[in-house]
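Got your viewer open and a selection box ready? Let's walk through this one stop at a time.

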Amino acid sequence: MSGWKAFSKPDLSHAYLQLERQESSREPLTINTHQGLYQYTRMPFGVSAAPVIFQRTIESLLADIPQAVAFLDDVLVTGKTEAEHVANLNKVLSRLQSAGLSLKREKCVSFAPDVVYLGHRINAAGRCTSTT
């Protein structure tokens, strides 16, 4: 990413909770409550496979978009030019929307000269460990 001028960071809201479970996978997630049995229709926190399932889902959504990378609910988008950055960001947002995933607006960053991503400060010069 060295030499790229601007970065966008769409942040997914409520990560795993946005994943709808298929009808066949709801029974193992049944819990007993004071009002009877309850089946989760979305992936709850605490399921040991949830991070893997969520990561695989996000990676498959963004697989063919250049200069877009995701680690769980953190997505980083850039481009070699401003036009390419805009095109990549539009593709990412479109894919997320078509998958029914929503963003946490207050945590999203668009066209910033530098961003903190996974503990690293990334800018046109490259990346370094973030102190914030």
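What follows is a tour of a predicted model, stop by stop, with something to select at each.

**Stop 1: helix α2**

Start by selecting residues 82–98, which make up α2. This helix has 17 residues and runs 24 Å from its first C-alpha to its last, close to the 24 Å expected at 1.5 Å a residue. Now show the side chains of His85, Asn88, Leu89, Val92 and Leu96, which are buried. They span an arc of only 100° around the axis, so they sit on the same side of α2. Turn to the face pointing away from that buried side, and you'll find the exposed residues Ala83, Gln97 and Ser98.

What covers the buried residues of α2? Color β1, α1, β4, β5 and β6, since the cover includes them. Before leaving, click on Gly100 just after the helix, which takes a positive phi of about 80°.

**Stop 2: the largest nonpolar core**

Next, select Phe54, Ile58, Leu62 and Val92. These are the residues with the most contacts inside the largest nonpolar core, which has 19 residues. α1, β4, β5 and α2 each put in at least two residues, and α1 gives the most, with five. You've already met Val92 on the buried side of α2.

Zoom in on Ile58. Leaving out residues up to four places away in sequence, Ile58 touches Leu12, Ala70, Leu72 and Leu101. Apart from this core there is another one, of seven residues, and you can pick out Phe7, Leu76, Ala112 and Ile122 among them.

**Stop 3: Leu101**

Follow one of those Ile58 contacts to Leu101, in the loop between α2 and β6. Is Leu101 buried or exposed? Buried, at 9% relative accessibility. Show its surroundings: beyond its neighbours within four places in sequence, Leu101 is in contact with Leu12, Gln18, Ile58, Leu61 and Leu96. If you'd like a distance to check in the viewer, try the C-alpha atoms of Leu101 and Tyr40: they are separated by 17 Å and lie 61 residues apart along the chain.

**Stop 4: the β4–β5 hairpin**

Now select residues 68–71, strand β4, together with residues 74–77, strand β5. The two strands run antiparallel and are joined by four bridges. Phe71 has Asp74 as its bridge partner in β5. The strands form a hairpin with two residues between them, and Leu72 in the turn has a positive phi of about 50°. That's the Leu72 that Ile58 touches.

Look at β4 edge-on and compare its faces: Ala68 and Ala70 are on the covered one, while Val69 and Phe71 are on the uncovered one.

**Stop 5: Thr78**

Step along to Thr78, in the loop between β5 and α2. At 0% relative accessibility, Thr78 counts as buried. Which residues does Thr78 touch, not counting those up to four places away in sequence? Select Trp4, Ala6, Phe7, Pro66, Gln67, His85 and Asn88. His85 and Asn88 are familiar from the buried residues of α2.

**Stop 6: the salt bridges**

Last stop: charged pairs. Side chains of opposite charge can pair when their charged atoms come close. How many salt bridges are there here? The count comes to three.

- Select Lys107 and Asp11, whose closest N and O atoms are 3.9 Å apart. Lys107 is in the loop between α2 and β6 and Asp11 in the loop between β1 and β2, so this pair ties together parts that are 96 residues apart in sequence. Lys107 is partly exposed, with a relative accessible area of 46%, whereas Asp11 is buried at 3%.
- Select Asp64 and Arg95, with closest N and O atoms 2.7 Å apart. Asp64 is in the loop between α1 and β4 and Arg95 in helix α2, so the pair ties together parts that are 31 residues apart in sequence. Asp64 counts as exposed at 54% relative accessibility, and Arg95 as partly exposed at 24%.
- Select Arg121 and Asp114, where the closest N and O atoms are 3.0 Å apart. Arg121 is partly exposed, with a relative accessible area of 24%, and Asp114 is partly exposed too, at 30%.

Note on methods
Residues are numbered from 1 along each chain as its sequence is written. This is a predicted model: local features need pLDDT of at least 70, side-chain atom pairs count only at pLDDT 80 or more; totals for chains, interfaces and linings use all residues. Side-chain values use heavy atoms; hydrogens and water are left out. Buried means under 20% relative accessible area, exposed over 50%, partly exposed in between (1.4 Å probe, protein chains only). Two strands pair if DSSP finds at least two bridges between them. A salt bridge is a side-chain nitrogen of Lys or Arg within 4 Å of a carboxyl oxygen of Asp or Glu. A nonpolar core is a set of buried Ala, Val, Leu, Ile, Met, Phe, Trp, Tyr and Cys residues joined through side-chain atoms within 4.5 Å. Contact means heavy atoms within 4.5 Å. The expected span of a helix is 1.5 Å times one less than its number of residues. The arc is that of the directions from the helix axis to the C-beta atoms.
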